[in-house]
Amino acid sequence: MQLSKSTIFITGANRGIGRAFVDELLVRGAEKIYAAARDISAVVDDPRITPITLDITDSEAVARTAAVVDDVDVLINNAGVTTFAPLVGGDLTDIRSEMETNYFGTLAMVRAFAPVLEANGGGSILNVSSAAAWFGMEHSSGYAASKAAVWAMTNGLRIELSGQNTQVTGLHMASTDTEMITSLDIPKNTPQAVAIEALDGFEAGELEILADNDTRAVKAALSADPIDVYPQAVRHNQPQPL
Ligand SMILES: NC(=O)c1ccc[n+]([C@@H]2O[C@H](COP(=O)([O-])OP(=O)(O)OC[C@H]3O[C@@H](n4cnc5c(N)ncnc54)[C@H](OP(=O)(O)O)[C@@H]3O)[C@@H](O)[C@H]2O)c1
């Protein structure tokens, strides 16, 4: 797939990583981009860009939108939220909102756009997950669960949409310097570096893109004993060797 020859629909396009995606798509010669967000006032003003007001948690609005943008052959599901609500003491409304946006909102986009992609030859989907899909952190566990759900969904879609010739790619990255995590004073990727890494991999046909070393490390640790990853974990008995 060549992004310069594609018609692209991207969610969460008004700031952060989505904005960096839009800038990088323009650098790569994209001629037609539908740039969606709830607030489109900050979407880049460019003749190649059509701003679309869209809340991805409103599945009827998502379906109405997909019905009018019938030329899309690349869908980038970037929109997402985090609330930092703890799983046990946090407000369940916050935890549900992470699942509603990150998982069900992304799923609504895929369900509505799959026929559009099929009609245009199959096309490609890029789902933005996170390193958090693979690593638990205090105060980000509801978010992490929603991103693990996006990972599992992406794996399933790869199978379900193979028959219509759709490439389904997942993107995972660690902390990145956007509004989402301004409150955290930790090392961060730049949104530009993530967008470049992601679009390089997407165009090259990678099905899972790990955008930085921290993400590669947490993916590699999936096969480790949890006590090595979470040293604070409580374990009541020491497992006996078999
Ligand atoms: N920043 C990080 O450290 C990091 C790390 C790993 C993964 N990610 C993921 O990267 C993606 C982009 O996040 P970001 O860091 O760029 O955060 P951000 O600056 O907060 O941007 C989030 C974007 O999502 C849009 N959005 C949120 N809820 C929406 C809804 N219901 N409908 C439509 N659009 C919605 C926002 O626009 P409106 O509010 O105007 O709708 C905004 O454009 C997210 O999926 C995030 O989970 C981020």
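## Polar contacts of the ligand

In this predicted model, a polar side-chain atom of Thr178 lies 2.6 Å from an oxygen atom of the ligand. Asp55 places a polar side-chain atom 2.9 Å from a nitrogen atom of the ligand, and for Arg15 the distance from such an atom to a ligand oxygen is 3.3 Å. A polar contact here is a pair of N or O atoms within 3.5 Å. The protein covers 96% of the 880 Å² of accessible area that the ligand has on its own (Shrake-Rupley method, 1.4 Å probe).

The model is predicted: local features need pLDDT of at least 70 and side-chain atom pairs pLDDT 80 or more, whereas totals for chains, interfaces and linings use all residues. Residues are numbered from 1 along each chain as its sequence is written, and side-chain values use heavy atoms, without hydrogens or water.

## The surrounding shell

The ligand is surrounded by 31 residues (a heavy atom within 4 Å); the closest are Asn14, Arg38, Asn78, Tyr143 and Thr178. By residue class, the shell divides into 13 nonpolar, 12 polar (Gly among them) and six charged residues (Asp, Glu, Lys and Arg). Helix H1 (16-27) and helix H4 (141-160) each supply at least two residues of this shell.

## Overall architecture

The protein comprises seven helices and seven strands, taken as DSSP runs (helices H or I, at least four residues; strands E, at least two). From the N terminus on, the order of elements is β-α-β-β-α-β-α-β-α-β-α-β-α-α. The radius of gyration, taken over C-alpha atoms, is 18 Å, close to the 18 Å that the globule rule (2.2 Å times the number of residues to the power 0.38) gives for 242 residues, so the protein is as compact as a globular protein of that length.

Along its principal axes, the C-alpha trace spans about 60 × 35 × 30 Å.

Definitions and conventions: Polar contact = N/O pair within 3.5 Å; in protein donor to acceptor, adjacent residues only side chain to side chain.
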